[in-house]
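Thanks for coming. I will take one chain today, going from the overall picture down to single residues.

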Amino acid sequence: MTHWILICTIEVTINHIQIINMYTRALIQTHDKTTSNGDIQARDNGLTLGNDEKYVCFEGDPVICPTCKSIGVTKCVPPYRPWTGHDGRQVNLDGDLCICKCFPPPQLKASQNSVTMIFEANEIAAIAGTGNWLTRCGHKPSECGLTHDQRFRLIDENTNEPLASVKYELECNGHTISGISDEEGFTDFVYSKNPESVKVYIEV
Ligand SMILES: [Zn+2]
């Protein structure tokens, strides 16, 4: 027969409470606005949310932009999960871009928040090209583990002058970031979890 005697009492304490950041992106519908007051014109695609009669917006739908007086199109930016309409286009989310004549490109702003995609920080870090969306939304990419970043300065090799307003593409880890260099010739940042090589292209 086994006997047990109490020799001490240890209180179990929680040393760390880990806060898991969740990142939420809501779906965009027709007549939602952009940060340049553009009016999003989702085409008739048969998909609405709940009892709402407003169509859900998919990549490539037009945007009437009063700021640059042009018609832009919506562009998906990571992170997102596959969700396509009947014609194969990806659904647009809050924080996606409007490619019009404005620079930098305006962002799409969702008017509803009941239908969303939710991401955890480690998920965000695993999807290529999410850092620029994070910074636009006021987060630090390092909080998701994207601890590596790099931007580039475009210089004219003959005059040594910075190349301002040049269209560029940065290719990293299967993802492409497009932009226009600023007045000092700088590109946007590329963020990644691990060291990666980046290819820089400019439009000539
Ligand atoms: Zn515009």
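What radius of gyration does the chain have, and what would a compact globule of 204 residues have? The chain has 22 Å, where the compact globule would be near 17 Å. Please keep in mind that this is a predicted model. Along the principal axes, the C-alpha trace spans about 85 × 55 × 25 Å. Of the 204 residues in the chain, 27% are buried. If you take the contacts with a separation of 6 or more, 58% of them come from residues 24 or more positions apart. In secondary structure, the chain comes to two helices and 13 strands.

A word on confidence. The mean pLDDT is 87, and 90% of the residues reach 70 or more. Residues 10–19 are another matter: pLDDT stays under 50 there, and the model has zero contacts for that stretch beyond four places in sequence. Where pLDDT is low, the predicted coordinates should not be read in detail. I will leave that stretch alone.

Now the core. In soluble globular proteins, nonpolar side chains tend to be buried together. Here the largest nonpolar core has 33 residues, and those touching the most other members are L27, I28, I40, V56, C57, L93 and C98. At least two residues of this core come from each of β1 (22–26), β4, β6 (97–99), α1 (121–126), α2 (131–136), β10 and β12 (190–192). Take V56: beyond its neighbours within four places in sequence, it is in contact with L27, Q29, A42, N45, L47, T48, L49 and V91.

V63 is worth a look as well. It sits in strand β4, residues 62–65. Buried or exposed? V63 is buried, because 26 other C-beta atoms lie within 10 Å, and the cut-off for buried is 20 or more. Setting aside neighbours within four places in sequence, its contacts are T34, G38, D39, I40, Q41, I71, G72, V73, T74, C98 and C100. For scale, V63 and L170 are 107 residues apart along the chain, and their C-alpha atoms are separated by 25 Å.

Next, a sheet. Strands of a sheet pair through backbone hydrogen bonds, either parallel or antiparallel. This one is an open sheet of three strands, in the order β11-β10-β13, with antiparallel pairing. β11 (175–180) and β13 (198–202) are at the edges with a single partner strand each, so one side of each has no neighbour in the sheet. From one strand to the next, the twist averages 20 degrees.

Strand β10, residues 167–172, is joined to β11 by six bridges. Among the pairs, K167 is matched with I180 and E169 with S178. The two strands form a hairpin with two residues between them, and N173 in the turn has a positive phi of about 55 degrees. Towards β13, β10 pairs over five bridges, again antiparallel; there C172 stands opposite V198.

That brings me to backbone geometry. Most residues other than glycine have a negative phi, and most peptide bonds are trans. Besides N173, here are some more exceptions. Phi of N37 is near 65 degrees, and N37 lies in the loop between β2 and β3. N37 counts as exposed because it has 12 C-beta neighbours inside 10 Å, and the exposed class takes 12 or fewer. S165 has phi near 55 degrees and is found in the loop between β9 (148–150) and β10. S165 is exposed too, with 10 other C-beta atoms within 10 Å.

Then the cis peptide bonds. The bond from P78 to P79 is cis, with omega near 5 degrees; P79 lies in the loop between β5 (70–75) and β6. The bond joining F103 and P104 is also cis, with omega about -5 degrees, and P104 is in the loop between β6 and β7 (108–109).

Last, back to the loop that holds N37. T35 is placed there as well, between β2 (33–34) and β3 (39–40). T35 is partly exposed, with 17 other C-beta atoms within 10 Å. Which residues is T35 in contact with, leaving aside its neighbours within four places in sequence? They are P106, Q107 and K109. The C-alpha atoms of T35 and E59, 24 residues apart along the chain, are separated by 17 Å.

Key:
Residues numbered from 1 in each chain as written. Predicted model: local features only at pLDDT ≥ 70, side-chain atom pairs only at ≥ 80, totals over all residues. Helix = DSSP H or I, 4+ residues; strand = E, 2+ residues; numbered from the N terminus. Contact = placed C-beta atoms within 7 Å. Pairing = 2+ DSSP bridges. Axes fitted to C-alpha atoms, helices over the stretch in contact; angles between N-to-C directions. Core = buried A, V, L, I, M, F, W, Y, C linked by C-beta atoms within 7 Å. pLDDT = per-residue confidence, 0-100. Rg over C-alpha atoms; globule rule 2.2 N^0.38 Å.
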